[in-house]
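Subject: The model we talked about

Hi there,

Here is the structure for you to open alongside this message. Once you have it on screen, please read on for what was found in it.

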Amino acid sequence: MRNTSKLTAFFKKQILNLIDFLFPPQCPYCDAVIQRSQIMCDTCFHKIHFITGPICARCGWPLPITAVESDEKMLCAKCLKKRKKYDKARAVFFYDTFSRFAILKFKNADRTDLRRFFVHYMLQAGQDLFEKTDIVLPVPMYWTRKAKRKYNQAAILAEEIARKIHKPYAANILVKVRNTHSQENKSGLERIKNVRNAFDVKHKEQIFGKIILLIDDVLTTGSTAQACAKALKKNGAKAVYVLTIARSRHNRY
Ligand SMILES: [Zn+2]
Ligand SMILES: [Zn+2]
């Protein structure tokens, strides 16, 4: 029995070696050949603009380094002025030419294997959110778009994050009730109009009085997150936390 499993493992390794020889794993950014255990090449990894240092306790926006001298809950100027529909937001890195490329591959090019890399860092970026989280939900995709794309990238991330933090995951509570145009290349106001009333909640008893961790790939102006949070809170959610892979440096409303 032991010898059989050893033999199976040996053959598995040989097959993987042969696959690597025929189709060497490549860096998703620059196509340089990498090892199977690597997500990307070292050169590309160092180009990513991770969000580090003190951040706004609410929206996660980076704050000047002097802010650490205070014991108060640190908030950015925008959050001091106006409360958002969601309660907290965290992201791993900035959305720029470099990270956009990887996210688009993950979204549109069947590179669902990239979720391992994204989830690894999302677990670090969102660590102050998990203790209070009751349930993990993805930002939903309208069914026609999902049928075209084959998968919802936010759901892939949310499911894995829920498993890692040992919290329940539900894909069918927050739903998109109408198709919307792509948010890309739209102004802040156009984005808000585009997603207005686009989300609804099913089985609201499952979120009543709960703290929701909402997962998406990118936070741009935050209009999608706001529309989702509005629908969740209208249906009884106590609080909504948002965790994304990336967030825009610009377009802050
Ligand atoms: Zn590379
Ligand atoms: Zn803020």
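Strands E1 and E6 run parallel and are joined by seven bridges. One place to look is Lys88, which stands opposite Tyr241 in E6. Please keep in mind throughout that this is a predicted model.

How much of E1 is buried? Seven of its eight residues are, so E1 is largely enclosed by the rest of the structure.

On its other side, E6 has a further partner. Strand E5 (residues 211–219) pairs with strand E6 (residues 239–248) in the parallel sense, and eight bridges hold that pairing. To find it on screen, start from Ile211, whose bridge partner in E6 is Ala239.

Put together, these strands belong to an open sheet of four, in the order E1-E6-E5-E2, with parallel pairing. Strand E1 (88–95) and strand E2 (135–138) stand at the edges; each has a single partner strand, so one side of each is left without a neighbour in the sheet. From one strand to the next, the twist averages 20°. As a reminder, strands of a sheet pair through backbone hydrogen bonds, either parallel or antiparallel.

So what covers E1, if it is a strand at the edge of the sheet? Two helices are worth a look here. Helix H4 (residues 97–108) lies across E1, E5 and E6, and runs at about 110° to E1. Helix H5 (residues 115–125) lies across E1 and E6, running at about 135° to E1.Now for the chain as a whole. The protein chain has nine helices and six strands. Its radius of gyration is 20 Å, close to the 18 Å that the globule rule gives for 253 residues, so the chain is as compact as a globular protein of that length. Along its principal axes, the C-alpha trace spans about 65 × 45 × 40 Å. Of the 253 residues, 30% count as buried. Among contacts with a separation of 6 or more, 70% are between residues 24 or more positions apart.

Where is the chain divided? Domain 1 covers 1–47 and domain 2 covers 51–248. The C-alpha centres of domain 1 and domain 2 lie 32 Å apart. Four residues from domain 1 and eight residues from domain 2 make the contact. On the side of domain 1 that touches domain 2, there are three nonpolar residues, no polar ones and one charged residue.

Finally, two histidines with positive phi values:

- His166 has a phi near 60°, a positive value in a residue other than glycine. This residue is found in the loop between helix H7 (153–165) and strand E3 (174–176). His166 counts as exposed, because it has 7 C-beta neighbours inside 10 Å.
- His203 also is not a glycine, yet has a positive phi of about 55°. Its place is in the loop between strand E4 (199–201) and E5. With 12 other C-beta atoms within 10 Å, His203 is exposed; the cut-off for exposed is 12 or fewer.

Happy browsing, and do write back with any questions.

Best wishes

Note on methods:
Residues numbered from 1 in each chain as written. Chains lettered and ligands numbered in written order. Predicted model: local features only at pLDDT ≥ 70, side-chain atom pairs only at ≥ 80, totals over all residues. Pairing = 2+ DSSP bridges. Axes fitted to C-alpha atoms, helices over the stretch in contact; angles between N-to-C directions. Contact = placed C-beta atoms within 7 Å. Rg over C-alpha atoms; globule rule 2.2 N^0.38 Å. Buried ≥ 20, exposed ≤ 12 C-beta atoms within 10 Å, placed from the backbone. Domains from an automatic or database assignment. Nonpolar A, V, L, I, M, F, W, Y, C, P; charged D, E, K, R; others polar.
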